Amino acid sequence: MQKHNVLKRVARAKPNSSYSFLGEQIAPNSRKVVELTGTKLYTNSPLSIPIEVINGKYAGPVLMVNAAIHGDELNGVEIVRQMINAIDSAKMNGTLIMVPVVNVFGFIQKSRYLPDRRDLNRCFPGSEKGSLASRMAYTFFNEVALKCDYIIDIHTGAIHRTNLPQIRADLSKPDTLRLAEAFATPVIVDSPLRGGSLRSEAENKGLTVLTYEAGEALKFDPIAITAGINGIKRVMQAIGMVRKSRRKTPTSVVTRSTTWIRAEHDGILRTLVSLGDRVEKGQVLALINSPLGYVEVEVKANKRGIVIGQQTLPLVNEGDAVFHIAHFNEGEEHLNTVVEAFIDEINDAELDPITTGYLNAAVNPTT
Ligand SMILES: [Zn+2]
């Protein structure tokens, strides 16, 4: 044990070398904004993807944190902004590649998609001669993603749909499981790889990739942002980029089974549960009324679980997916502990001033 610690200290002290990225050299213990160019607007104005590269003083792995592959998913953009300010290259091992907005076209249009209506996250690894989406995917995948050892890809729910902070990852790989547990969202969804996504294609090339899903499109969710920053810092500790904190890592529960509960009627939706709530089989989760209130239809849980996603728009059509429920084998006590620990940690966090007001209202509605 003693010997192991000594070796670790020696490894920490190994000086870093310059990092070569998109034709630029980033010296150890420095940072640089680098533009990934290649795409243009109709006006012929270049449209580039801005990337901040932070090269640590000491040698270590390369981690990319990227957001807005879907252009309307904004929580990750704020997570990246806050992380860039929080990291001190003098205390860091390895290299951090921060990409706040991958889908710059969609971001400008406040849209999930690219101008050719394709979903960038179904187009990896892309091709040089393919569609606009496929070409963007190709460039980003080869010039940026494959330069990394680890990737954290940040997403949110769709418009009018919010997600409990959750990691989605292929837990059959031990390293991926270790990092998912280090990120420590209350729920980890063991999710098989989906062809064409950044996660799937980068995993196939031997990288370790976590997808962090939290909050809703086109909104800032302070809980999602804070939980994301905490999680990324813990992953950086786990892969030896920053010194380990003495704080205990919160526990998570892993789910391999989730179901969507759909509306069986059209009307006005009144929701009775929130993200993170535990629900029992048969429990009424929401009521659907006609506008004058004469019709009332119950939306019920099909199985015991935790609410990990829900519709925020109070209007539904028959067939709309209203709740996403994760199912577990764990006992009651463990599930309670996991959610309580998560809320405690968010309450204890030092918050960026932009988001403080929201969070107090969300976590502590009586004050
Ligand atoms: Zn997304």
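1. A good place to start in this predicted model is helix α4, whose buried residues pack against β3 (30-40), β4 (46-55), β5 (58-67), β6 (93-99), α3 (104-109) and α6 (198-204). The buried residues in question are A133, S134, M136, A137, F140 and F141. Looking down the axis of α4, you will find them within an arc of 160 degrees, so they line one face of the helix. As a general reminder, an α-helix has 3.6 residues a turn, so residues three or four places apart point the same way.

2. The length of α4 also checks out. The helix has twelve residues (132-143), which at 1.5 Å a residue should span 16 Å, and the C-alpha atoms at its ends are indeed 16 Å apart.

3. Next, the metal. Which protein atoms hold the zinc ion? The donors are ND1 of H70, two OE atoms of E73 and ND1 of H155, at distances of 2.0 to 2.3 Å. Angles among the four donor atoms run from 57 to 149 degrees, and the site is irregular. For four tetrahedral donors the ideal angle would be 109.5 degrees.

4. The spacing of the zinc donors along the sequence is H-x2-E-x81-H. E73 sits in the loop between β5 and α2 (75-86), while H155 belongs to strand β7 (residues 150-155); with their positions 82 residues apart, this pair links distant parts of the chain. Are these two residues buried or exposed? E73 is buried, at 2% relative accessible area, and H155 is buried too, at 4%.

5. Strand β8 (residues 161-169) deserves a look: seven of its nine residues are buried, so the rest of the structure largely encloses this strand. Its pairings are worth tracing one by one. With strand β17 (residues 305-311), β8 runs antiparallel and shares three bridges; here N163 faces G309. With β10, the pairing is again antiparallel, over four bridges, and the partner of N163 in that strand is G215. With strand β9 (residues 187-190), β8 runs parallel, joined by four bridges, among them the one between A169 and D190.

6. Elsewhere, four strands make an open, antiparallel sheet in the order β16-β15-β13-β18. At its edges are β16 (296-300) and β18 (315-316), each with a single partner strand, so one side of each has no neighbour in the sheet. Inside this order, β13 (residues 267-271) and β15 (residues 284-289) pair over four antiparallel bridges, with T271 matched to A286 of β15.

7. Finally, some backbone details to inspect. Most residues other than glycine have a negative phi, and most peptide bonds are trans. The bond joining F124 and P125 is cis, with omega about 0 degrees, and P125 lies in the loop between α3 and α4. K110 is also placed in the loop between α3 and α4; this residue is not a glycine, yet has a positive phi of about 55 degrees, and with a relative accessible area of 58% K110 is exposed.

8. L218 is another non-glycine residue with a positive phi, near 60 degrees. You will find L218 in the loop between β10 (208-215) and α7 (222-238), where its relative accessible area of 36% makes L218 partly exposed.

Terms used. Residues are numbered from 1 along each chain as its sequence is written. This is a predicted model: local features need pLDDT of at least 70, side-chain atom pairs count only at pLDDT 80 or more; totals for chains, interfaces and linings use all residues. Side-chain values use heavy atoms; hydrogens and water are left out. Helices (H or I, at least four residues) and strands (E, at least two) are DSSP runs, numbered from the N terminus. The expected span of a helix is 1.5 Å times one less than its number of residues. Buried means under 20% relative accessible area, exposed over 50%, partly exposed in between (1.4 Å probe, protein chains only). The arc is that of the directions from the helix axis to the C-beta atoms. Contact means heavy atoms within 4.5 Å. Two strands pair if DSSP finds at least two bridges between them. Donors are N, O and S atoms within 2.8 Å of the metal (3.2 Å for Na, K and Ca); water is not among the atoms, so sites may look incomplete. Four donors count as tetrahedral if all angles lie between 85 and 135 degrees; four count as square planar and six as octahedral if opposite donors are over 155 degrees apart and all others between 65 and 115; anything else is irregular.
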